[in-house]
Amino acid sequence: QVQLVESGGGLVKAGGSLRLACTASGRTFSSYAMGWFRQAPGKEREFVAAISWSGTTTFYEVSVRGRFAISRDNTKNTVYLQMDSLKPEDTAVYYCAGRAGDPTGAYYEYPYWGQGTQVTVSS
């Protein structure tokens with residue numbers, strides 16, 4: 001069992017940056033692939049970024065590629081999402097998620113979820 005807690009959300013102006021963190025409880029974190037997803041009001045939950053258990057494999061949704069970076073520190077049981085050059089359309093609740101096995105962009109393949117953190121980007 002893995003419990004996930006996100007932090008780092010907030011209000012930022014367009015062009016600004018935020019770094020989200022997701023801290024996990026449980027000794028199995030280092031063996032889990034982790035993903036970040038987001039959901040805007042009235043929209044489906046969408047994939048943002050994912051990382052393998054070792055951190056050697058990462059991939060991103062097209063619209064955030066080059067602006068966002070996912071990383072992890074297994075000694076701290078934490079995965080990060082560095083978000084730069086933020087745009088108003090990045091406004092959403094951001095969730096981290098974990099799964100055993102390879103990272104994927106499919107939210108339904110992740111059994112473990114955090115409660116979410118709000119990111120609001122003003123124009």
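**Entry 1: the cysteines**

I started with burial of the two cysteines: cysteine 22 is buried, and cysteine 96 is buried too. This is a predicted model, so I read everything below as computed. Cysteine 22 and cysteine 96 form a disulfide, with 1.9 Å between their sulfur atoms. I noted the strands at either end: cysteine 22 sits in strand β3 (residues 18–25) and cysteine 96 in strand β9 (residues 92–100), so the pair links distant parts of the chain, 74 residues apart. I looked for further disulfides, but the structure holds 1. I also checked the handedness of the link between cysteine 22 and cysteine 96, and it is right-handed, with 50° about the S-S bond.

**Entry 2: the sheet with β3**

Next I followed β3 into its sheet. I found an open sheet of 4 strands in the order β1-β3-β8-β7, with antiparallel pairing. Its edge strands are β1 (3–7) and β7, each of which pairs on one side only. On average, neighbouring strands of this sheet are turned by 15° against each other, direction ignored. For β3 and β8 I have 6 bridges in the antiparallel sense. One spot I wrote down is threonine 23, which stands opposite threonine 78 in β8.

**Entry 3: β11 and its two partners**

From β9 I went across to β11. β9 and β11 pair in the antiparallel sense over 3 bridges, and valine 93 has glutamine 118 in β11 as its bridge partner. Strand β2 (residues 10–13) also pairs with β11, but those two run parallel and are joined by 4 bridges. Here leucine 11 has threonine 120 in β11 as its bridge partner.

Which side chains of β11 (residues 117–122) point to the buried face? I get Thr117, Val119 and Val121 on one face, buried, while Gln118, Thr120 and Ser122 point to the other and are not buried. That fits the textbook picture, because side chains in a regular strand alternate between the two faces of the sheet. Both bridge partners I had just listed, glutamine 118 and threonine 120, point to the face that is not buried.

**Entry 4: the nonpolar cores**

I then asked which residues of the largest nonpolar core touch the most other members. They are Trp36, Leu81, Met83 and Tyr94, in a core of 29 residues. At least two residues of this core come from each of β3, β4 (32–39), β5 (46–51), β7 (68–73), β8 (78–83), β9 and β11. The largest share, 4 residues, is supplied by β3.

I picked tyrosine 94 for a closer look. Leaving aside neighbours within four places in sequence, tyrosine 94 is in contact with a list of residues that includes Leu20, Trp36, Val48, Phe68, Leu81, Met83 and Val119. Polar or charged names turn up as well, among them Glu6, Arg38 and Thr117. Apart from the largest core lies another, of 5 residues, among them Phe37, Phe47, Ala97 and Tyr110.

**Entry 5: β4, β5 and β6**

β5 deserved its own note. I count it as largely enclosed by the rest of the structure because 5 of its 6 residues are buried. β4 and β5 run antiparallel, joined by 5 bridges, and they form a hairpin with 6 residues between them. In that turn glycine 42 has a positive phi of about 75°. On to β6 (58–60): β5 and β6 are antiparallel too, with 3 bridges, and alanine 50 stands opposite phenylalanine 59 in β6. This hairpin likewise has 6 residues between the strands, and glycine 55 takes a positive phi near 85°.

**Entry 6: the salt bridges**

Last, the charges. My search of the whole structure gave 3 salt bridges. Arg38, Glu46, Arg67 and Asp90 are linked in a network of them.

- Arginine 38 pairs with glutamate 46, their closest N and O atoms 2.5 Å apart; glutamate 46 in β5 is also the bridge partner of arginine 38.
- Arginine 38 also meets aspartate 90 at 2.9 Å, N to O; this joins strand β4 to the loop between β8 and β9, 52 residues apart.
- Aspartate 90 pairs with arginine 67 at 2.8 Å between the closest N and O atoms; arginine 67 is in the loop between β6 and β7, 23 residues apart from aspartate 90.

How exposed are arginine 38 and glutamate 46? Arginine 38 has a relative accessible area of 5%, so I log it as buried. Glutamate 46 counts as partly exposed because its relative accessibility is 32%. Aspartate 90 and arginine 67 are both buried.

Note on methods
Residues numbered from 1 in each chain as written. Predicted model: local features only at pLDDT ≥ 70, side-chain atom pairs only at ≥ 80, totals over all residues. Heavy atoms only, no water. Disulfide = S-S within 2.5 Å. Buried < 20%, exposed > 50% of the residue type's maximum accessible area, 1.4 Å probe, protein only. Pairing = 2+ DSSP bridges. Core = buried A, V, L, I, M, F, W, Y, C linked by side-chain atoms within 4.5 Å. Contact = heavy atoms within 4.5 Å. Salt bridge = Lys/Arg side-chain N within 4 Å of Asp/Glu carboxyl O. Axes fitted to C-alpha atoms, helices over the stretch in contact; angles between N-to-C directions.
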